[in-house]
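User: I'm new to reading protein models and I'd like to know how the labels get decided. Can you take me through some of them?

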Amino acid sequence: VAHTKGGVGKTTISIQLATYLKAVKNVEKLLLIDGDPQRSTLDAISERNANKFAPINCAQYLTGKELVGQLKSQAPLWSQIIIDVGARDNNTLRAALMYSDVLLIPVQPRGFDLQALRDLHAIMDDAWSVDAHFKACAFLSMADAQGSSNEDAQEYLSNYEDITFLECPIVRRKAYASSSLAGLSVFEESPRDQKACLEIENLAAAIYSFEED
């Protein structure tokens, strides 16, 4: 989960996807990696694990060299690995791209956020040029509940033919902030925000293939 622009919801989405896989889909071999020095993801998951919810394995790797070394040795141990990288062009982001199957790009429907995608796209091109094989997918993060901004953003994203647009908007909701801060899924909060649950379920379904029970 990456973008060179800060404040687009990378950590929130990383936590929500990981906790959805654990709490709803019962994925056991799950690793969440925090690649941001702010360690928001690691702190949230530590809070979760301390409060007796189904624990999630979370580790922090802050350099490209460290991340590559850990991925090489640990990848066979996990069925799913989610990497939350910081909002900048650095070796950690570039290393993550070389080992990822999917690059998930949260994009706010705002002018500066959309324009910043050019910087990330240049990094993506660099990775593809040295034989990276990830599929790039973008979705609207912190989207408006109504109005034309979402449609305008989708039209802008259509200019990038090598980025698949996922029609799974994540609307700005209090449930995401409160649950993610505690390392919880919106499915684990009480009372549940059913609209938030549906949004996460739709986004996860667009990324992962789940076997029917």
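**How the labels are earned**

Analyst: Sure. This is a predicted model, and a good place to start is Asp84, which is buried yet has no salt bridge. The nearest side chain of opposite charge, Lys10, is 6.0 Å away.

User: What makes you say that Asp84 has no salt bridge?

Analyst: A salt bridge needs a side-chain nitrogen of Lys or Arg within 4 Å of a carboxyl oxygen of Asp or Glu. For Asp84, the nearest side chain of opposite charge is Lys10 at 6.0 Å, so no salt bridge is counted.

User: Where is Asp84, and which residues does it touch?

Analyst: Asp84 is in strand β3, residues 80–85. Leaving out residues up to four places away in sequence, Asp84 touches Val1, Lys10, Thr11, Ser14, Ile33, Asp34, Gly35, Asp36 and Thr41.

User: Why is Cys168 called buried, while Cys58 is called partly exposed?

Analyst: Buried means under 20% relative accessible area. Cys168 comes in at 10%, so Cys168 is buried. Cys58 has 21%, so Cys58 counts as partly exposed.

User: How do you know that Cys168 isn't in a disulfide?

Analyst: The cysteine sulfur closest to that of Cys168 is in Cys137, 9.6 Å away. A disulfide needs the two sulfur atoms within 2.5 Å, so this pair is too far for a bond. A search of the whole structure fits with that, finding 0 disulfides.

User: What makes the phi values of Arg39 and Lys52 worth pointing out?

Analyst: Most residues other than glycine have a negative phi, so a positive one gets a mention. Phi is near 55° for Arg39 and near 70° for Lys52. Arg39 is in the loop between β1 (30–35) and α2 (40–50), and Lys52 is in the loop between α2 and β2 (57–60).

User: Why is Lys52 called exposed but Arg39 partly exposed?

Analyst: Exposed means over 50% relative accessible area. Lys52 has 76%, so Lys52 is exposed. Arg39 has 35%, so Arg39 lands in the partly exposed group.

User: What kind of peptide bond joins Ser190 and Pro191?

Analyst: A cis one, with omega at about 0°. Most peptide bonds are trans. Pro191 is in the loop between α8 (174–181) and α9 (194–207).

User: Which residues make the nonpolar surface patch of about 260 Å²?

Analyst: That patch is made by Met98, Tyr99 and Val130. Val130 is in the loop between α6 (117–129) and β5 (135–143).

Key: Residues numbered from 1 in each chain as written. Predicted model: local features only at pLDDT ≥ 70, side-chain atom pairs only at ≥ 80, totals over all residues. Heavy atoms only, no water. Helix = DSSP H or I, 4+ residues; strand = E, 2+ residues; numbered from the N terminus. Buried < 20%, exposed > 50% of the residue type's maximum accessible area, 1.4 Å probe, protein only. Lys, Arg positive; Asp, Glu negative; His and termini not counted. Contact = heavy atoms within 4.5 Å. Patch = residues over 30% accessible without salt bridge, like charges linked within 9 Å, V, L, I, M, F, W, Y side chains within 5 Å. Areas by Shrake-Rupley, 256 points an atom, 1.4 Å probe, with all protein chains shown as cover.
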